[in-house]
Amino acid sequence: MDQNQENIVTLSGMYKEYFLDYASYVILERAVPNINDGLKPVQRRILHSMKVMDDGRYHKVANIIGQTMQYHPHGDAAIGDALVNVGQKDLLIDCQGNWGDVRTGDSAAAPRYIEARLTKFALDVLFNPQTTEWQATYDGRKKEPITLPVKFPLVLSQGVEGIAVGLSTKIMPHNFIELLKASIKILEGKKVKIYPDFATGGYVDVSEYNGGKRGGRIKVRAKIEQGEKNTLKIIELPYGVTTNTMIDSILKANDKGQIKIKKVVDNTAKDVEIQLDLASGISPEVTIDALYAFTNCQVSISPNACVVIDNKPHFLTVNEILETSTFRTKDLLKLELEIKKGELEEKWHHASLEKIFIEKRIYRDIEECESWEEVIEAIDSGLRKYVATPGDHKGTAETRVVMKRDITKDDIVKLTEIKIKRISKYNVFKAEEGILQIEEDLKQVLYDLEHLTQFAIDYFQDLLDRYGKGKERRTEITSFEKVEIRNVVANNAKLYVDRKEGFVGMGMKKDEFVTDCSDISDVIAFTKEGKFKVTRIAEKTFIGKNILHVDVWNKGDERTTYNMIYVDGKTGRAMAKRFHISAITRDKDYVLTKGTKGSKVLYFTANPNGESEVVQVQLSPGCKAKKKVFEFDFDNIGIKGRGAGGNIVTKYPVRKVSHVSTGKSSLGALEVWMDEVSGRLNQEERGIYLGAFDTGNQILAIYKDGSYEINDLDLNKKYEAAKIMYIHKFNPQLPVSAIYHEGEKKWTMVKRFLIETSTNDQKFTFITEASGSKLYYATQSASPKIKFSFKRGGSKVEEVIDMAEFIDVKGWKALGNKLGEFKILKVTPIEENKPESESPDVDQKEEIEEISSTTTKEKDTSDSVKEEKPSQNGKKDDDDDDDKFIPGQTIELDL
């Protein structure tokens, strides 16, 4: 009975033991990659099977799966899924057929229909039987590699995900080129930083990446661009998001009312394109922000870099993994060099013995031998007359060849196997050349071993040179909190021009600067021959010599008007024309003249708002024209297509055309609104109406911090809408009327002033900078009448003031007139505050409310104005019980 009790195993003990065995098996044999080669067991076995099968041709995937089942003790479905997953990463496997699409989530075709083979890169960096450690397969019939001798940070390049028992791993894919460059820097002793890069492109914020370790986080975004009116296009996806899951998330957000989408169309083919048609009146900029907030256009990923080291899971940073991989590659290269050194030494040993054996005719010594042993002994004796082995000091270096090891029986047997035909045709000179080449190779190997670090650096550089093309970074690293994506894309390059030689580009920093642009901008350039071309910006592109005008070109631009006078080479007439360029074919030369030989441009301007011009035309002094100087007004000719011949200016030879004046826009004023949420300017009637803008009109923006700014009209500009108090078309003839609290004196002041500063795009503060100063209200209305409220005796008091009658217009640095010693609670315009001669405006309805946080102390109340009394702590009380409206009190101190 006691013996039976000793053999009993409790259920809890069985559970603990078996569960640990199962957990260890899943971690080590299924889910987590090994740090040595960066592969899970199923991936390693697939690649090994493909290497065994490799004959340079494609193999059916079904055949590869069957071959792998000799090494992997699981079903064909698991092997097939893993094979497709590796193949879709486009690094190790050369795929043929329908392998699915990671962008759309479409699965691959059946294994019997698709084929694969190893890429040249995989053959170069993954395999070397001489440096591979082997083990028996699960059934003992074959051998498989414990790990592959991978000489590349594979796990960081491909990325990996796996869920085991009690832990998981999630390593982000990184850029191929950046990994190789980082490995070189590590070998050089420099510090490196690497960040994820995804095949789907998009944007990534790595500010919380934490080296890919547990606890870190990255945020990835889709790349969204605006199409035509009320249309958005998603052209790049976040990592791990397919077009199907993206559309599902957009539809769900639309159903919840978080975004307003009229239609979603998936146009994905070669490139990703999900088109979103917005409802009428919906701001595209606001919709983009909503897409990032409520859909899969932005996702958060928590990396968790876990790898197997010495049969145990370890959590590391990606930098630690990269360092380990880099130094393992260095060790593998050393081992390969040592193997090569041994091979070269053996080759030299046998070549030297063969040369002596044939050149000294030692084979003749065996003619009288009657036994095998005598043959071996005769050859050995004959060789030792001409060679010196380690430890043998007989003879001199001049007469004996110093061998690198002793002569063995196997060496002699190999000499006896030389055929008579080879002996009869033996070329001593060629043999010596071969030995010298072996010695040179051996010398190089020894040099590489002595300079192993540089050899490893050269190896990584060679991989970069051979396989780096086409593997540039696809995911842009940015900060979502601080940088607006659209602004980054719009201003990440500069355009330069060499007018004389006819080159444009963003890499010509020594030439004339034109404008800021993006690296995907289209550039338009006009030459003196009367031709123009639109091309995608590059480092340096030839357009044509004698460039007259170059700028960034926007597709569909129907406001930029080009005014041109040219001379027709056939008739000699000077012709004038005005035209738009809204659609073209890139990199095609367009002719703006009649195309006759000798035609050239006499005058050319680009007018962003369709402005007309008056020019002075001077004719040649020797012509028969009675009036040799006259003015020509472009406003008298219509705007036509670019192919139109134009109107005749004169039939006489023209000496010079010069600019006289710029007229108004021929297209009419441009009506502009500002989106109250995003702060972007638009023409779709969204937000606050700013006015109708003609040539030279500007925008006045007054901010809540008490500063103002004058800007030229730029529809790409984005204002900080939350910080703006007032924004409208600027009228230099109207004063700004403002009411504010002066922090030092604790008075509420009223001031009116004309804008006297002439610098654009610069803020000027017009209230005091004392602590507590605050702008309550500002406008450029012709009749600035307001209603305001404040506290008096514990009760709320409302007053009305016409600021134009209360104070005269003074300098912008003046303090203004004292309104009272109180803080205003609320300001409301009494009537429409809009500049004169403007079209009907949206009322400025903003009401500013502020409740003073200062404790109100009891005071005696009376109808008379009391003197300021200090409080018990020596400071003036900040209560407003006895403050009176005192008109006419003027303070004219400069700030």
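In this predicted model, helix α11 (residues 318-359) meets helix α13 (residues 409-416) through H349, H350, L353, E354 and F357 on the α11 side and D411, K414 and L415 on the α13 side. By class, this contact is made up of 3 nonpolar, 2 polar and 3 charged residues. The two helix axes come within 11 Å of each other and cross at roughly 55 degrees. Angles from 65 to 115 degrees would count as roughly perpendicular and those under 35 degrees as roughly parallel; α11 and α13 are therefore oblique to each other. The crossing of α11 past α13 is right-handed.

Helix α11 also appears in the surroundings of helix α8, where α6 (120-125), α7 (154-158), α11 and α16 (452-467) are among the elements that cover the buried residues. Helix α8 covers residues 176-187, and its end C-alpha atoms are 17 Å apart; the 12 residues should span 16 Å at 1.5 Å a residue, so the two values agree. Of these 12 residues, 9 are buried, and α8 is thus mostly covered. The buried set consists of F176, I177, L179, L180, A182, S183, I184, I186 and L187.

Two of the residues named there, F176 and I177, recur in the contacts of G468, which also touches L463 when neighbours within four places in sequence are left aside. G468 sits in the loop between α16 and β19 (476-477). Is G468 buried or exposed? Its relative accessible area is 4%, and because the cut-off for buried is under 20%, G468 counts as buried. Another link to the α8 region is the pair G468 and E178: 290 residues separate them along the chain, while their C-alpha atoms are separated by 9.6 Å.

Backbone geometry gives a further topic. Most residues other than glycine have a negative phi. Two residues with a positive phi are listed below, each with its place in the chain.

| Residue | Phi | Loop |
|---|---|---|
| D587 | near 60 degrees | between β28 (574-579) and β29 (590-591) |
| K746 | about 60 degrees | between β42 (736-742) and β43 (747-753) |

Neither D587 nor K746 is a glycine. For K746, the relative accessibility is 32%, so this residue counts as partly exposed.

Definitions and conventions. Residues numbered from 1 in each chain as written. Predicted model: local features only at pLDDT ≥ 70, side-chain atom pairs only at ≥ 80, totals over all residues. Heavy atoms only, no water. Helix = DSSP H or I, 4+ residues; strand = E, 2+ residues; numbered from the N terminus. Buried < 20%, exposed > 50% of the residue type's maximum accessible area, 1.4 Å probe, protein only. Axes fitted to C-alpha atoms, helices over the stretch in contact; angles between N-to-C directions. Parallel < 35°, antiparallel > 145°, perpendicular 65-115°, else oblique. Left-handed = near helix turned anticlockwise from the far one by under 90°. Contact = heavy atoms within 4.5 Å. Nonpolar A, V, L, I, M, F, W, Y, C, P; charged D, E, K, R; others polar. Expected span 1.5 Å × (residues − 1).
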